[in-house]
Amino acid sequence: MSLSRLYRLTGSFGIFGFVSYFWLAGPRSAFGFLLGAAVSFGNLWLFQWLADAISSTNSPRKPWQAGAFLGRYLVLFTAGYVIVKALGVNPLPVVLGLFASTAAVLLSITIELVQNLLGNRRAH
């Protein structure tokens, strides 16, 4: 799975959701979605960084890095709560924004499956 594709898709979902919410529900909800998507993007980056740090055979493992995997979820929940309270918006756009990287992962997996399926048909 291409990491650059995941980052591009997460950003695309964030922009698309922002524009959609701006048009349908107004600027406050749109910014709630955008902030949620930004946190999701940061969470994706942190996940990649932690996974690389833990799986690296060249550097010693640090106990806090393994604990940070669980801490990411606490940070996500707290960020979502703060965004909802600070903007005074409905939690739905914020929660959907927080799932931007999840949607990007699912779409990226689907793209790879279709590419592999089409590639296997051409090989026969």
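## Helix contacts in a five-helix model

Leaving out residues up to four places away in sequence, Leucine 96 touches Tyr21 and Phe33. Leucine 96 itself belongs to helix α4, which covers residues 91-98. With a relative accessible area of 38%, Leucine 96 is partly exposed. Please keep in mind while you look around that this is a predicted model.

**The chain as a whole**

What secondary structure does the chain contain? There are 5 helices and 0 strands, and reading along the sequence gives the pattern α-α-α-α-α. The chain has 124 residues, of which 30% count as buried. If you take the contacts between residues at least 6 apart in sequence, 67% of them join residues at least 24 apart. The sections below visit some of these helices, beginning at the N-terminal end.

**How α1 and α2 pack**

Two packed helices are described by the angle between their axes and by the distance between those axes. Here, helix α1 spans residues 3-25 and helix α2 spans residues 27-55. Their packing angle is about 170°, and their axes are 7 Å apart. An angle over 145 degrees counts as roughly antiparallel, so α1 and α2 are roughly antiparallel to each other.

Which residues of the two helices meet? On the α1 side, the residues include Leu3, Leu6, Tyr7, Thr10, Phe13, Phe18, Tyr21, Phe22 and Ala25, along with Gly11, Gly14 and Gly17. On the α2 side you will find, among them, Pro27, Ser29, Phe31, Phe33, Leu34, Phe41, Leu44, Trp45 and Gln48. Sorted by character, the residues of this contact comprise 17 nonpolar, 6 polar and no charged.

**Aromatic rings**

How many aromatic pairs does the whole structure hold? The search finds 5. In one of them, the ring centres of tyrosine 7 and phenylalanine 41 are 5.2 Å apart and their planes meet at 50°, so this pair is tilted. Tyrosine 7 sits in helix α1 and phenylalanine 41 in helix α2, so the pair links distant parts of the chain, 34 residues apart. Are these two residues buried or exposed? Tyrosine 7 is buried, at a relative accessible area of 18%, while phenylalanine 41 is partly exposed, at 34%.

Ring pairs also join Phe18, Phe22 and Phe31 into a cluster. A ring can have a charged neighbour too: arginine 72 lies over the face of tyrosine 73, at 5.0 Å from the ring centre.

**Three residues of α2**

Glycine 36 is located in helix α2. Its relative accessible area is 0%, so glycine 36 is buried. What does glycine 36 touch, not counting residues up to four places away in sequence? The partners are Ile83, Val94, Gly97 and Leu98.

Alanine 38 is another residue of helix α2. Alanine 38 counts as partly exposed, with 48% relative accessibility.

Asparagine 43 lies in helix α2 as well. With a relative accessibility of 14%, asparagine 43 counts as buried. Apart from neighbours within four places in sequence, asparagine 43 is in contact with Arg72 and Leu76. Arginine 72 is thus a residue you have already met, over the face of tyrosine 73.

**Across the sequence**

Some residues are separated by many places along the chain, and the table lists how far apart their C-alpha atoms lie. Glycine 97 appears twice, once with glycine 36 and once with alanine 38.

| Residue pair | Separation in sequence | C-alpha to C-alpha distance |
|---|---|---|
| Glycine 36 and glycine 97 | 61 residues | 4.2 Å |
| Alanine 38 and glycine 97 | 59 residues | 7.8 Å |
| Leucine 96 and serine 40 | 56 residues | 9.8 Å |
| Glutamate 112 and serine 2 | 110 residues | 9.4 Å |

Glutamate 112, from the last row, is found in helix α5, which runs over residues 100-123. At 24% relative accessibility, glutamate 112 counts as partly exposed.

**Where to look**

For a tour of the model, you could start at leucine 96 with its contacts to Tyr21 and Phe33. From there, turn to the packing of α1 against α2, where the axes are 7 Å apart, and to the ring cluster of Phe18, Phe22 and Phe31. You could then finish at glycine 36, which is buried and touches Ile83, Val94, Gly97 and Leu98 when residues up to four places away in sequence are not counted.

Notes:
Residues numbered from 1 in each chain as written. Predicted model: local features only at pLDDT ≥ 70, side-chain atom pairs only at ≥ 80, totals over all residues. Heavy atoms only, no water. Axes fitted to C-alpha atoms, helices over the stretch in contact; angles between N-to-C directions. Helix = DSSP H or I, 4+ residues; strand = E, 2+ residues; numbered from the N terminus. Parallel < 35°, antiparallel > 145°, perpendicular 65-115°, else oblique. Contact = heavy atoms within 4.5 Å. Nonpolar A, V, L, I, M, F, W, Y, C, P; charged D, E, K, R; others polar. Phe/Tyr/Trp six-rings, centres within 6.5 Å; stacked < 30°, edge-to-face > 60°. Buried < 20%, exposed > 50% of the residue type's maximum accessible area, 1.4 Å probe, protein only. Lys NZ or Arg CZ within 6 Å of the ring centre and 35° of its normal.
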